[in-house]
Amino acid sequence: MEATKFVSGFVGLVGRPNAGKSTLLNSIVGQLISVAHAKPQTTRHRILGMYTSEEAQIVFQDTPGLHKPRHELGRYMVQQVEEVMADCDVLLWLIDISRRPGTGDGLILDHLAQLDAEDKLPPVVFGFNKIDQLGGREDQLVSYMDAYIGFAGNRFPDDTAAAWPATVVSAKTGFGVPQLVGLLQGMLPEGPRYYEEDQVTDQHLRTIAAELIRAAALQFLSEEVPHGIAVEIAEYVERDPAQTYISAVLYVERDSHKPMVLGRNGQMIKRIGASARQSIEKVVETRVYLDLWVKVRRNWRRNPDLVRSFGYI
């Protein structure tokens, strides 16, 4: 009998902010590697997640939500998306099906149309996510899917978009995720295993820890403050097999933001630390002693040198 061909490749995961990209990636690989949060623009880096089976290895590239940048950090985030869109084997456009097409979707289609004009557009898949929020209303699901397919068709008048495969999932509940993986696997070429079979991400534990601390800040702080926070791991020490020590600095952009992050009598930073510690312990599988500090780096998101110093390179 002929041996089963092994296929592999890179799948770019793009979409509007808060479309559920990170939640989907975590669901596919089976553990937390990309921080998901209800507030948009949580993801700032391109993050690799590897799904490996006996027949395939799919390397997913999670990206920040595509948006119009207003500062140096925003330009870095958009650049991450553009690089993934231009350099992948398959592009999975993840869509929040509970929302109608909007400006963010138009930005994505503008990039896709540009790639198409340059004959660089990879195969595209519609990934309609968050069907759990539709309450089982099939008529609404079909209507929303048709709206997005028609919206894309207006940018691709030669019926290119109408030929893109479409799949329906709930990244939150896992519904349709195996079928989505199977669809993507069938679109990949024969190729090698790029990463070890048991590797699920390119992220170091200290990087994941920093993102979990930032996610905790997103959870507890008001709208204005958390998007201006950068987290730097000053010290990460595995003291013994059962305990990890982490010292981290939360940088804010304004002097007025520092007392907000600290809170009265340090209560806010304690809440952030307690939440982050619990999340980090699930990832590192040890007890965690977490030491947090808050410092000011004025308008760091607009300073190219500071943006690079915080790892956005």
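Contact between a helix and a strand is taken here to mean heavy atoms within 4.5 Å, and it is in this sense that, in the predicted model, helix α8 (residues 267-284) lies across β7, β8 and β9, running at about 135° to β9. Helix α6 (residues 205-220) likewise lies across β7, β8 and β9, and its direction makes an angle of about 125° with β7.

The three strands contacted by these helices form an open sheet in the order β7-β8-β9, with mixed pairing. Because β7 (230-240) and β9 (287-296) stand at the edges and each has a single partner strand, one side of each is left without a neighbour in the sheet. From one strand to the next, the twist averages 15°. Within this sheet, β7 is joined to strand β8 (residues 243-252) by 9 bridges in the antiparallel sense, and V237 has Y245 in β8 as its bridge partner.

A further set of strands is arranged around β5. Strand β5 (residues 124-129) is largely enclosed by the rest of the structure, since 6 of its 6 residues are buried, a term that denotes under 20% relative accessible area. In a regular strand the side chains alternate between the two faces of the sheet. In β5, V124, F126 and F128 point one way, whereas V125, G127 and N129 point the other way, and all are buried.

Strand β5 pairs with β4 and with β6. Strand β4 (residues 90-96) runs parallel to β5 and is joined to it by 6 bridges, with D96 standing opposite N129 of β5. Together with helix α3 (residues 103-117), β4 and β5 make a right-handed β-α-β unit. The pairing of β5 with strand β6 (residues 166-168) is also in the parallel sense and extends over 3 bridges; here, F126 has A166 of β6 as its bridge partner.

Considered as a whole, the chain contains 9 helices and 9 strands. Its radius of gyration is 20 Å, close to the 20 Å that the globule rule gives for 313 residues, and the chain is therefore as compact as a globular protein of that length. The C-alpha trace spans about 60 × 50 × 40 Å along its principal axes. Of the 313 residues, 50% are buried, and among contacts with a separation of 6 or more, 72% are between residues 24 or more positions apart. The accessible surface amounts to about 15100 Å², with 46% of this area belonging to carbon and sulfur atoms.

Conventions: Residues numbered from 1 in each chain as written. Predicted model: local features only at pLDDT ≥ 70, side-chain atom pairs only at ≥ 80, totals over all residues. Heavy atoms only, no water. Buried < 20%, exposed > 50% of the residue type's maximum accessible area, 1.4 Å probe, protein only. Helix = DSSP H or I, 4+ residues; strand = E, 2+ residues; numbered from the N terminus. Pairing = 2+ DSSP bridges. Right-handed = clockwise from strand over helix to strand, strands pointing away. Rg over C-alpha atoms; globule rule 2.2 N^0.38 Å. Areas by Shrake-Rupley, 256 points an atom, 1.4 Å probe, with all protein chains shown as cover. Axes fitted to C-alpha atoms, helices over the stretch in contact; angles between N-to-C directions.
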